[in-house]
Amino acid sequence: MGKSYREELVGVFGDPVDENPTVVVAQKAFETLGIPYRYLTINVHPEALPAALEGLKAMNFKGMHLTIPHKVAAIPYLDSISEEAAIMGAVNTIVNQNGKLRGENTDGKGFMASVVNAGIDVTGKKVTMLGAGGAARAIAVELARAGIGELVIINRSEARGKGLVETLESHFSDLKVVYRCWDHTMTIDEDTAILVNTTDIGLYPNVDARPDIVFDSIHDRMIVCDVIPNHPHTQLLKEAEKRQAKTIDGLGMLINQCVESIRYWTGETADAEVMKEALAEEYGISVHY
Ligand code: NDP
């Protein structure tokens, strides 16, 4: 008598979403914290997003992660949005505050934590970023906040690339930002300290896909980061390793952004170490976070 069989609900909306491994780390974190939370991986088609967001309120979800293609599209349907998420123009974490949905963004913080944990100081550095979508916007804002010296944004769509440049210039007046149109095989500037792939090139099932860049322009003084979580050992990282560059995969970002989201949903600090072990076991590889 008195035992509660109800669980607090959180999860992720995406399309596609089947191969998103966040449930592995989130569920492990809840288990370790000893709290009755359930993380659900839910496929929501773009046209169903407004109804799905309403459903969060109806079913008392504590919150939700958003991934492709919902991070920008969800914003008009939220009741409020944090200042950072507003600058980024993308939300990856929804928090249900007594029936009101608030948008936050933990992607960039997760990325920065994985870079800092790898012992890298980004201050004053030149960063080249492939892509200008939701993940790119989150990462670019956090890199700018951390005081990088210069950012080169390489993107196919000029509107998205230039849009991100304008956002950064209006909020970070000291930062030098350049856009280059990705309409040919791109050479990475030799003085790039950090190269970041923020596109979905290489994401499962397209694991053999590789960004259209001159791989020989990567060298051993570069740090090459990829946001792809599945499979994390991307063709880009393999090419970077061949050239003795230091590499950082997308799993550290995944773990650290999840720690931040769990803090919003539960008020608790999840144990990144056990989350790392859960992922390492899932993929049969060693994971740095
Ligand atoms: P978006 O759809 O917002 O952006 C996708 C970006 O990729 C755009 O800049 C798009 O360019 C570019 N792109 C896609 N395909 C190609 C291609 N063939 N050639 C060149 N550019 C291409 O997606 P998100 O930013 O939300 O997500 C991107 C990736 O980041 C996903 O793989 C996701 O899994 C990963 N991610 C990982 C996280 C982690 O924790 N590790 C967290 C968040 C995201 P264009 O503008 O020209 O269309």
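**Strand E7 and the largest pocket**

Modeller: Both faces of E7 are covered, with Lys 126, Thr 128 and Leu 130 buried on one side and Val 127 and Met 129 buried on the other. This is a predicted model, where local features need pLDDT of at least 70, side-chain atom pairs need 80 or more, and totals for chains, interfaces and linings use all residues. Residues are numbered from 1 along each chain, and side-chain values use heavy atoms, without hydrogens and water.

Biologist: What makes E7 a strand?

Modeller: Strands are DSSP runs of E, at least two residues, and helices are runs of H or I, at least four, numbered from the N terminus. E7 spans residues 126–130, so it counts as a strand.

Biologist: Why is E7 called mostly covered?

Modeller: Buried means under 20% relative accessible area, exposed over 50%, partly exposed in between (1.4 Å probe, protein chains only). Five of its five residues are buried.

Biologist: How do you know that E7 and E8 pair?

Modeller: Pairing takes at least two DSSP bridges between two strands. E7 and E8 (residues 150–155) have five, in the parallel sense, so they pair. Val 127 stands opposite Leu 151 in E8.

Biologist: What makes E7 and E10 a pair?

Modeller: E7 and E10 (residues 194–197) share four bridges, again parallel. Therefore they meet the bridge rule too. Here the partner of Val 127 is Ile 194.

Biologist: What classes make up the lining of the largest pocket?

Modeller: The lining has 22 nonpolar, 18 polar and eight charged residues. Nonpolar covers Ala, Val, Leu, Ile, Met, Phe, Trp, Tyr, Cys and Pro; charged covers Asp, Glu, Lys and Arg; the others, Gly among them, are polar.
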